[in-house]
Amino acid sequence: MPRLSWNEITARAALFADEWAGETYEKGEAQTFWTQFLEVFGIDRRRAGGYFEYAVKLAGRKHGFIDMFLPGKLLVEQKSAGRDLTAAQGQALGYLDGIPDHDLPLAVVACDFGSFQFLDLDTREVRSFPLSDLPHHVRMFGFLVEEQIRVVDEASPVNRDAAERMARLHQALYHSGYVGHRLELLLVRLVFCHFADDARIFEPKSFENYLRHRTSPDGSDVGPRIAKLFEVLNTPESERSNTLDDDLKAFPYINGGLFAETTSMPDFNAGMRHQVLLTTTPDWSKVSPAIFGSMFQGVMDDEARHDVGAHYTSEENILRVIKPLFLDDLYAEFDAIPDNRARAANLAKFHDKLAGLGFITACGCGNFLVVGYRQMRALDLEILLRIQQLSGDTARTMFFTEEHLSVRLSSFHGIELEEWPAQIAATALHLVEHQANQAMELALGDAPDPLPLDKIRSIQVGNALRVDWGEVVEPSEHLYIMGNPPFLGHATRSLEQAQELRDVWRRKDIGRLDYVTGWYAKSLELFARLGYAGEFAFVSTNSIAQGEPVPALFGPVFAAGWRVKFAHRTFAWTSEAPGAAAVHCSVIGFDRAQKKRARLFDYSGNVKGEPVELPVVGQLNGYLVDGPNALVEQRRTPLAPQLPPMVFGNMARDDGNLLIEAEDYDEVAADPVAAKYIRPFVGARQLIHNEPRWCLWLVDLDPSDIARSSVLRRRLDAVRQFRAASTAESTRQMAETPHLFGQRSQPDTPYVCVPRHASETRRFFPTALFDANVICGDANFKADDPDGLAFAVISSSAFISWQRTIGGRLESRLRFSSTLTWNTFPLPVLRDAQRDAVIAGGRAVLAARALHPHRSLADHYNPLAMAPELLKAHRELDAAVDKAFGLRGSVSDDDRLKALFASYAKLKTANELAMPPKTPRRRKVPTATS
């Protein structure tokens, strides 16, 4: 139903103010006063659900009565002329505790007929004005006719209430045997009807009244009645029967394909009818179309149904993509249009530019499409308002049809694997378009007619990695590709998905590339093949910017001329489901504007916090670091010449027979012959948690000792049998030497021992120095370290910064790698004084640990309880290591990473220059005999 234009509302307000001037009595006229006040805005109080003398329960058993209440919008406290309005407003605020969350008003007004005191409950701003000035303040009450586009909280009470009611209806239908596609379609249609009821696509509450008053209490005719309504909604008015029921005749023609399919209806009973009626209770006009996807996933997913919003892309996270991808740029360009004679023409030109933009997304249930379209329509409206203001007649009504819009649904494209989410996305787009048209009508006086709906043709059902994107999008002057593709790491992708990656990347070896990288490959291919201008950005598993996958992904991207335009470093993509783990992800956007400043958002050590934008001086590399565009690949030897090689510890391959657990130690030690060969053994848990463990180290075994020791005979025979039964030839060969570890790398000097994995919460990488008599297990790495240089380097903040950035992860834990993080660590060539300072820093760390000898590494490096002495020692160590990289004073991790990448580029270049040139193979000259 069309809303009044603002010039009409202003004129009505002037008449209202004249009619009520001089009124002083509260009780006699208050209800008439506020009924007519709402009519100024074209609102029928009864139809809008407004109440007089609305009872609310206060503290204890007391009740209060609100003079006029429009749930969800306005609370009024009316007084006689001359009364204290501030005190009246305080009285009104006391009523809020007795109002359900979903009915809380947006504003509180205290009034004495002659004056208004208006309190905005969002901003807490108070404004006062006399009745005679009401025509100048009508826009203050724009929320009554939903002028304001409010940011919707996905977890708001209205959204949650609506979703929970739909979930209960789903359960009732599902358990009646009504399942599958027809259930899904019915729920989508019901949601549309609820929204249409409350957002004035239908006459207000006509759908609810049809269900409530035209169906039997026992529910027996609900199915046929709903089926008939859906048939009417799919039939143009001109083609309807002349004898059609008047209640049905009042419903408009919807089209859009939503009601085209004919399906069987469920057999309702009284309880199921009651559940349908309960779904009409929320104000669906307040339910954001952006959460429809989450709502239906929560409803339809058997495991997640009980908890709404467990699996979806929140609006907050969507804005982390689309704001730096295109919204911020467009608003900056809009704001930069100079205020001169050509301003109107420049605004019109900018408005026309929006029509040349195209958008395509990994669709899902349409969250990206809905939010992106809504934000672009809001910008479109701002431009039109500015043009109207420049015309000098702000009361002038502007007339629009769809052809006059620069931002159209046909510019927004999606690809979705399944039909059901695609249907949700199309429905949500219809609804958000209606909201945008309502906002335009309120602001400009007119908007395109929302009905009948056009069929959404820009969402294609299919596998996004198999579909030709060029056939999905329409030609555009500038294309934006965005979305939140499936979160599947390389270890969880299926064989079919791995083949899809090989096909889109056009290479056999896809290594550890995550499934999401397929969307990067498709974007590169589309831009290259069709020559489009544009940009792309995806929410991605954060592992794509860590470790081995970085060169495999960013190498082709950079080679094609793209650069990182913006990035959100690792943050938690959380789920509201109880016990659900947070997914750690990042957002990365690309463009080809090499000279523009990149943007970097960091989470300051709190992955669940708000992002902080960091200054970027140079460029963002594939590790999301402001530094040289280096792609760090695995090396077989250390890049830094002063670092020793790092290898795995000793592997027993003994079925536990050469290892001695704590409960077996006394038995083995009681054998005087076997006791000679007992050595401390350090596996991963022993290193981190200081748990005792030993082994039999028999490299110097006297063969005669076997005959003199039953412990040795029994254990070595068990090792021999275990190895002989192995299916691996290499292990069977080891059966001939059962007294020796299967693989040995034990040094004869002090060595540094490094765990394969470490908690991501620790400030420093936990490591230790051991003498040669302590045997290092293969769950750790080790390197000869007689002077402690390697220990000091690994213990520094510089190394753990490199490890976090370059290294891979096991779940979220840091994964140490000799080839990727150690051999690539770019320690500059140290002068003697620098080397001595670094070693001294490492010894200071060991000395600080020695103050508490019974503490394990886990205790020492508990992020909540590090000893002050140990922190001080690490600061001394960091100062020495940072100085070697040219850093002084207060140094941040970003400072270190910039210096690390600069050093890496320098060392790699020097290393390549020092390598002898490859000798080309000489071609074999064929001989007569060959």
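The exercises below work through aromatic pairs, a sheet and salt bridges in a predicted model.

**Exercise 1. Classify the ring pair Phe 536 and Phe 590, and state what the pair ties together.**

Step 1. The ring centres of Phe 536 and Phe 590 are 4.9 Å apart, and the planes make an angle of 25°. Ring centres within 6.5 Å make a pair, and planes under 30 degrees apart count as stacked. Phe 536 and Phe 590 are therefore a stacked pair.

Step 2. Phe 536 belongs to strand β11 (residues 534–541) and Phe 590 to strand β13 (residues 583–591), so the contact ties together parts 54 residues apart in sequence.

Step 3. Both Phe 536 and Phe 590 are buried.

**Exercise 2. Do the same for Phe 681 and Phe 741.**

Step 1. The centres of these rings, Phe 681 and Phe 741, lie 6.3 Å apart with the planes at 45°, so the pair is tilted.

Step 2. Phe 681 is in strand β18 (residues 678–682), while Phe 741 is in the loop between α24 (729–733) and β20 (751–755); the pair therefore ties together parts 60 residues apart in sequence.

Step 3. Phe 681 is buried, as is Phe 741.

Step 4. For context, the structure has 59 aromatic pairs. One aromatic cluster includes Phe 16, Trp 20, Phe 33 and Trp 34.

**Exercise 3. Describe the sheet that contains β18 and find its edge strands.**

Step 1. The sheet is open and has 4 strands, in the order β17-β19-β18-β23, with mixed pairing.

Step 2. β17 (659–660) and β23 (775–776) each pair on one side only, which makes them the edge strands.

Step 3. β18 pairs with strand β19 (residues 694–696) in the antiparallel sense, over 3 bridges. Within this pairing, Pro 680 has Trp 694 in β19 as its bridge partner.

**Exercise 4. Determine which contacts Arg 320 makes, and whether Arg 320 is buried or exposed.**

Step 1. Arg 320 forms a salt bridge with Glu 316, with 3.3 Å between the closest N and O atoms. Both residues, Arg 320 and Glu 316, lie in helix α12 (residues 315–335), 4 residues apart, or about one turn of the helix.

Step 2. The charged end of Arg 320 also sits over the ring of Phe 571, 4.6 Å from the ring centre.

Step 3. The relative accessible area of Arg 320 is 10%, so Arg 320 is buried. Glu 316, at 39%, is partly exposed.

Step 4. A second arginine, Arg 507, has its charged end over the ring of Trp 505, 4.9 Å from the centre.

**Exercise 5. Describe the salt bridge between Glu 8 and Arg 12, and the burial of each residue.**

Step 1. The side chains of Glu 8 and Arg 12 meet at 3.1 Å, N to O. Both Glu 8 and Arg 12 lie in helix α1 (residues 6–20), 4 residues apart, about one turn of the helix.

Step 2. Glu 8 has 32% relative accessibility and so counts as partly exposed. Arg 12 has 30% and likewise counts as partly exposed.

**Exercise 6. Place the salt bridge between Lys 323 and Asp 328 in its network.**

Step 1. Lys 323 and Asp 328 form a salt bridge of 3.2 Å, N to O.

Step 2. Lys 323 is partly exposed at 36% relative accessible area, and Asp 328 is partly exposed at 21%.

Step 3. Salt bridges link Lys 323, Asp 328, Arg 597, Arg 599 and Glu 613 in a network. The structure holds 36 salt bridges.

Key
Residues numbered from 1 in each chain as written. Predicted model: local features only at pLDDT ≥ 70, side-chain atom pairs only at ≥ 80, totals over all residues. Heavy atoms only, no water. Phe/Tyr/Trp six-rings, centres within 6.5 Å; stacked < 30°, edge-to-face > 60°. Helix = DSSP H or I, 4+ residues; strand = E, 2+ residues; numbered from the N terminus. Buried < 20%, exposed > 50% of the residue type's maximum accessible area, 1.4 Å probe, protein only. Lys NZ or Arg CZ within 6 Å of the ring centre and 35° of its normal. Pairing = 2+ DSSP bridges. Salt bridge = Lys/Arg side-chain N within 4 Å of Asp/Glu carboxyl O.
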